[in-house]
Amino acid sequence: MSQNESAISVQGLKKSYKNIPVLTGVDFQVKTGSIFALLGSNGSGKTTIVKILTTLVKQDSGNVTVNGFEVSLKPANVRQSISLTGQFAAVDEILTGRENIIMIARLRHLSNPYLIADDLLKRLGLTDAADRRVSTYSGGMRRRLDIAMSLVGKPQIIFLDEPTTGLDPEGRIEVWKIVKELTGSGTTVFLTTQYLDEAEQLADRIAILNEGRIIVNGSFAELKKLFPPSKVEYIEKQPTLEEIFLAVVGKKEEK
């Protein structure tokens, strides 16, 4: 993959905290306009990678490039082209949904913050709740608002750090739909998750982080080939609970 095609490039990334190694040599690339999922258990270093890529933490060593800019040398340029949605919705509960988006648009010094808010509220299915306080929103609605706020200014790369943690199945499906739509407009999405089905549903490429390194990196089809044939057959014949839920919800909506 050439540098032009690559939205994110990571080579030899290492990071330790208090002499305890967290990342011991991470390598991967993310293609522009794709969804890249980073899988790993709690404490595997997923959030550390996100923090390094988004300029919040400095790496000990390794080359890290985001949108063509070396993170350690040009952090301001990196910040201008990215957006980060963390594990917990960073919304102001006292304000309404509309006011939250307008606030971010003003912080980014954008013209027409009201038009931007209207557009994003419509896009994220929040128009009816736009003028309600966020304290009245469900978990799924808060997460949708959080993502709407991260879309202000049309960032080229969006980082979603475990975006569906704590959501009910319906809320998770809402977020999945939004993420799929993002890449339709050319946005690159970097997603961290603990949920295998989430990566399966969304990602063009999946990387598995274990003991500080990427141990597997490929499409879901490529990853399936790593399992013995009998196991693949079993997985294909047995739908997951998530798939059953999606099928049932989909049929109801069709009616």
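This is a guided tour of one protein chain, with suggestions for what to select next in the viewer.

Begin with the whole chain, and keep in mind that the model is predicted. If you colour it by pLDDT, the mean for the protein is 84, and 85% of the residues reach 70 or more. Among the elements, strand β4, residues 61–66, has the highest mean pLDDT, at 96, whereas helix α9, residues 229–237, has the lowest, at 50. Select residues 230–234 next: pLDDT stays under 50 over this stretch, and the model has two contacts for it beyond four places in sequence.

Now move to helix α4, which covers residues 113–123, and select its buried residues, which are P113, I116, A117, L120 and L121. These residues are on the same side of α4, because they cover an arc of only 125° around the axis. As background, residues three or four places apart point the same way in an α-helix, because such a helix has 3.6 residues a turn. If you then show α3 (97–107) and α5 as well, you can see the elements against which the buried residues of α4 pack. Turn to the other side of α4, where L115 and K122 are exposed. Just after the helix, select G125, which follows α4 and has a positive phi, near 70°.

The next two stops concern backbone angles, and it helps to know that most residues other than glycine have a negative phi. Select K18, in the loop between β1 (6–17) and β2 (20–31); K18 is not a glycine, and yet its phi is positive, at about 50°. Then select T55, which lies in the loop between α1 (46–53) and β4 and which, although not a glycine either, has a positive phi of about 70°. Which of these two loop residues, K18 or T55, is buried and which is exposed? K18 has a relative accessible area of 81%, and because exposed means over 50%, K18 counts as exposed. T55 has a relative accessibility of 14%, and because buried means under 20%, T55 counts as buried.

For the last stop, select G153, which is placed in the loop between α5 (139–150) and β7 (157–161). The relative accessible area of G153 is 41%, so this residue is partly exposed, a class that lies between the buried and exposed limits. Finally, add S83 to the selection and draw a distance between the two C-alpha atoms: G153 and S83 are 70 residues apart along the chain, and their C-alpha atoms are separated by 9.3 Å.

Notes
Residues numbered from 1 in each chain as written. Predicted model: local features only at pLDDT ≥ 70, side-chain atom pairs only at ≥ 80, totals over all residues. Heavy atoms only, no water. Helix = DSSP H or I, 4+ residues; strand = E, 2+ residues; numbered from the N terminus. Buried < 20%, exposed > 50% of the residue type's maximum accessible area, 1.4 Å probe, protein only. pLDDT = per-residue confidence, 0-100. Contact = heavy atoms within 4.5 Å. Arc of directions from axis to C-beta.
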